[in-house]
Amino acid sequence: MAVQTQVNGGSAVKVDVLIVGAGAAGLMCAMTAGYRGRSVLVVDHANKVGKKILMSGGGRCNFTNLGVTPAQYLSSNPHFAKSALARYTPGDFIELVERHRIAYHEKELGQLFCDESSKQIVRMLLDECEVAGVRIETSCAVDRVTHGQSGFTVKTTRGEVHAQSLVVATGGLSIPSMGATGWGYELARQFGHDVLPTRAGLVPLTLSGKHQEHYQDLAGVALPQVSVSVGKHAFRAGMLFTHRGISGPAILQISSYWHTGDDLRVDLSPELQAGDWLVAQRAARPAAELKNVLGDLLPKRLAQRLCEHWLGNRPMRQWQEHELRAMAQRLHDWPIVASGTEGYRTAEVTLGGVDTDGLSSSTMQSKKVAGLYFIGEVVDVTGWLGGYNFQWAWASGTAAGQVA
Ligand code: FDA
């Protein structure tokens with residue numbers, strides 16, 4: 001168990017490294033700096049550490065992805081993440097997980113999950129922090145930060161802390177009920193950094209108007225495989241109707257690329273050429289109604305709804321071949337109009353954040369203020385769904401922990 005003591009009962013504490021935020025990136029940074037012999041204090045205003053790790057991956061933490069490359073990250077500078085990701089790889093984190101005898105498995109597409117519980121990842125990080133001599137304070141809010149010759153002075157609710165290095169690991173704005181705040185962005189601005197506009201990512205999309213009317217009672221209907229695209233970006237995975245719109249892995253992925261007004265297209269049958277299939281069905285089942293035939297290709301309730309509102313419905317023999325082929329084209333390119341997202345309340349991540357132009361890509365150190373670092377999600381680097389965001393937290397946390 002990591003040491004959890006009071007910050008000196010009110011009088012100033014001196015440490016080499018103060019890390020604000022005991023989430024994935026903060027704890028990784030703390031153990032790395034601690035192993036270098038630095039005195040490290042981590043403070044977090046939440047009542048326990050790693051809350052997002054605990055709730056991640058449905059309680060099993062999708063802690064990394066075997067296929068990590070910089071291409072799976074969104075940032076205004078797509079090159080920024082390269083250095084840190086290359087120096088701390090999924091293999092490095094897997095080695096740590098194995099050393100702690102945490103059983104894991106690959107679910108799909110390189111996504112690694114704990115067999116048992118996300119708690120094991122938090123436990124592992126806390127155990128490492130304890131061995132590295134890191135001190136952790138929860139329920140400790142931070143306030144004013146000043147910077148002088150000897151480093152940083154940070155006012156906390158447990159007293160003042162002086163630190164040579166200050167690492168900001170406060171994450172993004174997603175899930176405020178889990179302790180998310182914009183403190184990191186405000187601090188960045190205070191020290192002259194640009195903060196790029198933030199928005200919710202990996203988030204369900206909402207529908208409005210007739211799209212919502214037509215599909216809202218399909219909540220719970222799932223398609224195991226669709227291909228969703230916005231411009232040149234496309235993701236093939238599952239999709240789910242919700243009370244307010246659409247979700248599922250394919251939608252969460254595309255949501256990070258979608259902006260209000262963007263054209264969203266869904267290929268409802270990416271695995272099967274629907275044109276040939278429909279023509280064959282007409283020959284095989286001429287008396288069957290289209291909605292029943294389509295019910296073999298798509299979830300029955302969706303097939304029915306699409307026929308009611310969009311495609312029409314007649315026995316198969318009454319459709320010309322060219323009509324069926326045109327209909328297939330529509331099924332491969334369904335234009336669904338999203339009106340917005342569910343927002344930070346349910347988003348897995350926050351896009352945008354501290355502009356990477358002001359940071360060193362190898363150390364995460366500020367180019368404006370020596371000794372100031374930004375790591376993890378607070379930085380304008382956001383990964384796809386599938387373990388990429390934790391890998392960024394581990395990699396950027398390690399990069400800063402090696403030098404702070
Ligand atoms: P993180 O959010 O982990 O930590 C920030 C810490 O800072 C928190 O402990 C917070 O309390 C603290 N803090 C904030 N403001 C503060 C302040 N003013 N003062 C003091 N402390 C403050 N990713 C992935 O790769 N695989 C997955 O399976 C999942 N699953 C998942 C599920 C859900 C529901 C969510 C919301 C997110 C995920 N993610 C994920 C994303 C992943 O959780 C996220 O990208 C990382 O936790 C980011 O790590 P950070 O350390 O940057 O922030």
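Let's start at the ligand: 31 residues surround it, and those that come nearest are Ala25, Asp44, Thr181, Glu377 and Phe390. Keep in mind as you look around that this is a predicted model.

What kinds of residues make up the shell around the ligand, by class? There are 14 nonpolar residues, 13 polar ones and four charged ones. Some of them sit on helices that you can pick out by their numbers: α1 (24-35), α2 (51-55) and α13 (388-401) each give the shell at least two residues. Which helix has the largest share? That is α13, with four residues of the shell.

Now look at some individual atoms. In Phe390, a backbone N or O atom is 2.8 Å from an oxygen atom of the ligand. A polar backbone atom of Asn389 lies 3.3 Å from an oxygen atom of the ligand. Over at Asn62, a backbone N or O atom is found 2.9 Å from a nitrogen atom of the ligand. As for cover, the ligand would expose 990 Å² if taken alone, and the protein buries 94% of that area.

From here, let's move on to a pair of helices. Helix α11 covers residues 300-311 and helix α12 covers residues 321-331; their axes come within 13 Å and cross at roughly 110 degrees. Because of that angle, α11 counts as roughly perpendicular to α12. Where do these two helices touch? On the α11 side the contact is made by Leu306, Trp310 and Leu311, and on the α12 side by Met327, Arg330 and Leu331. Sorted by class, this contact of α11 with α12 has five nonpolar residues, one charged residue and no polar ones.

Note on methods. Residues are numbered from 1 along each chain as its sequence is written. This is a predicted model: local features need pLDDT of at least 70, side-chain atom pairs count only at pLDDT 80 or more; totals for chains, interfaces and linings use all residues. Side-chain values use heavy atoms; hydrogens and water are left out. Axes are lines fitted to C-alpha atoms, for helices over the stretch in contact, and angles run from 0 to 180 degrees between N-to-C directions. Angles under 35 degrees count as roughly parallel, over 145 as roughly antiparallel, 65 to 115 as roughly perpendicular and the rest as oblique. Contact means heavy atoms within 4.5 Å. Ala, Val, Leu, Ile, Met, Phe, Trp, Tyr, Cys and Pro count as nonpolar, Asp, Glu, Lys and Arg as charged, and the others, Gly among them, as polar. A residue is near a molecule or strand if one of its heavy atoms lies within 4 Å of it. A polar contact is a pair of N or O atoms within 3.5 Å; within protein, one must be able to donate a hydrogen and the other to accept it, and residues adjacent in sequence count only if both atoms are side-chain atoms. Accessible areas come from the Shrake-Rupley method with a 1.4 Å probe; for residues, only the protein chains shown count as cover.
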